[in-house]
Amino acid sequence: MSDNSDDTGGERVVFAMLVGVTFGAALGTTVLQDITQGIVAGVVVGTLAALVFPAWTGRLYKTVTDKLGE
C-alpha cells in the first residue's frame with residue numbers, strides 16, 4: 001500500500017475484514033468462548049460493513065493509513 005498506488009475497493013474490503021477479525025476474536029473469546037466462531041463472524045461483519053458502508057470504511061481506512069504513515 002504505497003503512496004503512489006490508487007486506493008481500491010479491494011484494499012478497503014480487506015482492511016474492514018482485518019478490523020472485523022480483531023473485534024471478532026475478542027468477541028469470540030469473551031462472549032462465545034470460541035475464538036474461531038468470533039473470527040468468522042468478524043470477517044463476515046467486516047465484509048458486509050465495507051460493502052454496505054463504503055464511505056465510512058473508506059474514511060476509516062484513510063485515517064488509519066495516514067496515522068501509520070506518520
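How much area does the protein expose, and what share of it do carbon and sulfur atoms supply? In this predicted model, the protein exposes about 4,900 Å², and carbon and sulfur atoms supply 69% of that area.

**Figure 1. The whole protein, with its 3 helices and 0 strands.** Read from the N terminus on, the elements follow the order α-α-α, and the C-alpha trace spans about 40 × 25 × 15 Å along its principal axes. The protein has 70 residues, of which buried residues make up 24%. When contacts between residues at least 6 apart in sequence are considered, 52% of them join residues at least 24 apart. The protein carries 4 positive and 7 negative charges, and the mean positions of these two groups are 9 Å apart.

**Figure 2. Helix α2 and its buried side, formed by residues that include G38 and G42.** Helix α2 covers residues 35-52, which is 18 residues in total. From its first C-alpha to its last it reaches 25 Å, close to the 26 Å expected at 1.5 Å a residue. The buried residues in α2 are G38, G42, G46, A49 and A50. Because they cover an arc of only 95° around the axis, these residues are on the same side of α2. An α-helix has 3.6 residues a turn, so residues three or four places apart point the same way. What covers the buried residues of α2 includes α1 (9-32) and α3 (54-69), whereas the face of α2 turned away from the buried side carries the exposed residues T36, L51 and V52.

**Figure 3. A close view of G46, a residue of helix α2.** G46 counts as buried because its relative accessibility is 6%, which is under the 20% that marks the limit for a buried residue. Leaving aside neighbours within four places in sequence, G46 is in contact with A16 and M17. This view also takes in G20, which is 26 residues from G46 in sequence, while the C-alpha atoms of G46 and G20 are 4.6 Å apart in space.

**Figure 4. Helix α3, with buried residues T57, G58 and Y61.** The arc within which these buried residues fall, seen down the axis of α3, is 100°, so they line one face of the helix. Helix α3 has 16 residues and reaches 22 Å from its first C-alpha to its last, close to the 22 Å expected at 1.5 Å a residue. Among the elements that cover the buried residues of α3 are α1 and α2. On the face of α3 turned away from its buried side are the exposed residues A55, R59 and K67.

**Figure 5. Two residues of helix α3, the buried T57 and the exposed R59.** T57 lies in helix α3 and is buried, with a relative accessible area of 2%. Not counting residues up to four places away in sequence, T57 touches R12, F15, A16, A49 and A50. Among these partners, A49 and A50 are also among the buried residues of α2. R59, likewise placed in helix α3, is exposed, with a relative accessible area of 53%. The C-alpha atoms of R59 and R12 are separated by 9.4 Å, although the two residues are 47 residues apart along the chain.

**Figure 6. Helix α1 and the loop that follows, seen at T29 and Q33.** T29 has its place in helix α1, where T29 counts as partly exposed at 44% relative accessibility. The C-alpha atom of T29 is separated by 9.5 Å from that of I39, a residue 10 residues away along the chain. Q33 lies in the loop between α1 and α2, and at 63% relative accessibility Q33 counts as exposed. The phi angle of Q33 is near 60°, a positive value in a residue other than glycine.

How values were computed. Residues numbered from 1 in each chain as written. Predicted model: local features only at pLDDT ≥ 70, side-chain atom pairs only at ≥ 80, totals over all residues. Heavy atoms only, no water. Helix = DSSP H or I, 4+ residues; strand = E, 2+ residues; numbered from the N terminus. Expected span 1.5 Å × (residues − 1). Buried < 20%, exposed > 50% of the residue type's maximum accessible area, 1.4 Å probe, protein only. Arc of directions from axis to C-beta. Contact = heavy atoms within 4.5 Å. Areas by Shrake-Rupley, 256 points an atom, 1.4 Å probe, with all protein chains shown as cover. Lys, Arg positive; Asp, Glu negative; His and termini not counted. Charge placed at Lys NZ, Arg CZ, Asp CG, Glu CD.
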